[in-house]
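Student: Hi! Could you walk me through this structure in plain words?
Tutor: Happy to, just ask as you look around.

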Amino acid sequence: MLQQAALPVAEAQRRILARVPRLPAERIAIRDALGRVPAEPVISRLDLPPWDNSAMDGYAVRAADVRAGRRVPVALDLPAGSTAGQVLPAGAAARIMTGAPLPENADAIVPVETSAGPRGAGAYADPGEWVAFERVPAPGHHVRLRGEDVRRGDTVVAEGEPFTPARIALAASVGSAEVVVFRRPSVTIVSTGDELVGVERAGEPDRIVNANAYGLAVMVERAGGVVAATPTVSDDEAALGEALQTALGSDVTVTVGGVSMGARDPVRPALARAGIELDFWRVAIRPGGPTAFGVGPGGRPVFALPGNPVSALVTFELFVRPALLRMAGHRACFPRPIRARLAEAVDPTPGKATYLRCRLEPDGAGWWAVPAGHQGSSVLSTMARAHGLARVPDSGRLEPGAPVEVWPLSDEPFHREEP
Ligand code: AMP
Ligand code: MG
């Protein structure tokens, strides 16, 4: 077989993003849009606020009519939700609540706290009664102007800006009951191995639980994808070929296991037979070197990940997750690394970037990256303890305190018990 030099991690990531397609758009209810990426800008149909309105509970007045301490009649009562276009008579005040439309001829709001009526200072007067104000307000005081937040025709959420709670609230405010977003990628995870069983058979002789079917499925979901199926097949090229035929109907196929140089490893021959053109099949990384990527019919991406559970989770995170994000329309598909200082000395692996499972411990100004324990590629407990992957390049021993970049895996370190 043709030998290929192992690709540097960033080069492999670039090649993947260069080849994965963005998925077509679909229209969904705004309520379902959290985390989805708009394929079209959300454009406002309305001015926000829709009319000039009060920013305070109190009285609407014409500033020029007010004299400090002078009694004026309360002519109108305007709760939130009252109709726009009511007219304030000259020399009068209108009782008004926050958000209510300003009556015509009014140009300022006096908060109730600085007024006095028949029931004393700060107590509301009823329509037909009188009110007096401590001070003369400046025109425009406590008035929210029509369109000061958003104008009709404004883009309120741009294409490519993922929906957050505030963007969903804003889109709803301007009348977007539905939005157009990129579709979520569907993913089939094909596990290979005669030894693999479901969790219900844990502890059976000669069998191990298909940990990857569980871990990778939730990683797909956390990355915004949809799990189409998680078949497990034996180490048999024909069985794998059959599973691949079905898997290739989903947007992304991920095989796991059977990709190294084992005598019975069926993945590469099965991929070739299924017409999948491999872009690369070795990455200069530890764990996870025997990772392959290619495209199948219709340009659909296919990943072949190594079976060791840590290798599978790490390579999914570094190579598959960015692809899923890009397909779903994200522009920023890689986490910004966290700068930390390494707590222990580490020797690099020659010719490879090592991704060290670490805990992140806060250190006043920054972070310590504390290796989480045994770094073997089958040792899942260290992966479970880790907050991130510290990148150790192939450029000499790192001493304690050396700066490292950490790829975050969890938001646990960014939360604390105290408020
Ligand atoms: P492979 O990549 O198939 O050579 O597998 C390497 C190691 O990972 C072997 O010890 C397998 O038993 C183990 N392994 C492979 N696939 C899985 C899986 N889906 N879940 C848990 N362990 C696996
Ligand atoms: Mg295997």
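Student: I clicked on Y59 and F133. Are they buried or exposed?
Tutor: Both Y59 and F133 are buried. Buried means under 20% relative accessible area, exposed means over 50%, and partly exposed is in between, using a 1.4 Å probe and protein chains only.

Student: Anything I should know before I go on?
Tutor: This is a predicted model, where local features need pLDDT of at least 70 and side-chain atom pairs need 80 or more, while totals for chains, interfaces and linings use all residues. Residues count from 1 along each chain, chains are lettered from A and ligands numbered from 1 as written, and side-chain values use heavy atoms, without hydrogens or water.

Student: OK, how many aromatic pairs are there?
Tutor: The structure holds six aromatic pairs. Rings of Phe, Tyr and Trp (its six-membered ring) pair if their centres lie within 6.5 Å; planes under 30 degrees apart are stacked, over 60 edge-to-face, and the rest tilted. Y59 and F133 make a tilted pair, 5.7 Å centre to centre with 55° between the planes. Y59 sits in strand 4 and F133 in strand 10 (residues 130-133), so many positions apart that the pair links distant parts of the chain, 74 residues apart.

Student: What makes a stretch a strand here?
Tutor: Strands (E, at least two residues) and helices (H or I, at least four) are DSSP runs, numbered from the N terminus.

Student: And why is the pair of F334 and W407 edge-to-face?
Tutor: Their ring centres are 6.4 Å apart and their planes meet at 80°, so the pair is edge-to-face. F334 lies in the loop between helix 6 (309-327) and strand 24 (338-342), and W407 in strand 28 (residues 403-408), so this pair ties together parts 73 residues apart in sequence. F334 is partly exposed at 36% relative accessibility, whereas W407 is buried at 10%.

Student: Which residues do ring pairs link into a cluster?
Tutor: That cluster is Y59, Y124 and F133.

Student: Back to strand 4. What sheet is that in?
Tutor: Strand 4 belongs to an open sheet of seven strands, in the order 7-4-6-5-10-8-9, with mixed pairing. Its edge strands are strand 7 (108-111) and strand 9 (120-121), and each of them pairs on one side only. Two strands pair if DSSP finds at least two bridges between them. Strand 4 (residues 58-61) pairs with strand 7 in the antiparallel sense over four bridges, and G58 has P111 of strand 7 as a bridge partner.

Student: Switching topic: why is strand 23 largely enclosed?
Tutor: Five of the five residues of strand 23 (residues 301-305) are buried, so the rest of the structure largely encloses it. Both faces are covered, with P301, F303 and L305 on one side and V302 and A304 on the other.

Student: Which strands does strand 23 pair with?
Tutor: Strand 19 (residues 252-256) pairs with strand 23 in the parallel sense over four bridges, and strand 22 (residues 292-295) is joined to strand 23 by four bridges, running antiparallel. V302 is the bridge partner of T253, and G294 stands opposite V302 too. In the hairpin of strand 22 and strand 23, five residues lie between the strands, and G298 there takes a positive phi near 75°.

Student: Now ligand 1. Which residues come nearest?
Tutor: There are 13 residues around ligand 1, and E195, N210, N212, G258 and G307 come nearest. A residue is near if one of its heavy atoms lies within 4 Å.

Student: What sits close to the ligand's oxygen atoms?
Tutor: An oxygen atom of ligand 1 is 2.6 Å from an N or O atom in the side chain of E195. An oxygen atom of the ligand is also 2.7 Å from a polar backbone atom of G258, and one is 3.2 Å from a polar backbone atom of N308. The cut-off for a polar contact is a pair of N or O atoms within 3.5 Å.

Student: Which elements give two or more residues to the shell?
Tutor: Those are strand 16 (208-209) and helix 3 (211-222). V209 is in strand 16 and is partly exposed, at 27% relative accessibility.

Student: Last one: where are the cis peptide bonds?
Tutor: One runs from L48 to P49, with omega near -10°, and another joins R286 and P287, with omega about 0°. P49 is in the loop between strand 2 (42-43) and strand 3 (53-54), while P287 is in the loop between strand 21 (285-286) and strand 22. Most peptide bonds are trans.

Definitions and conventions: A polar contact is a pair of N or O atoms within 3.5 Å; within protein, one must be able to donate a hydrogen and the other to accept it, and residues adjacent in sequence count only if both atoms are side-chain atoms.
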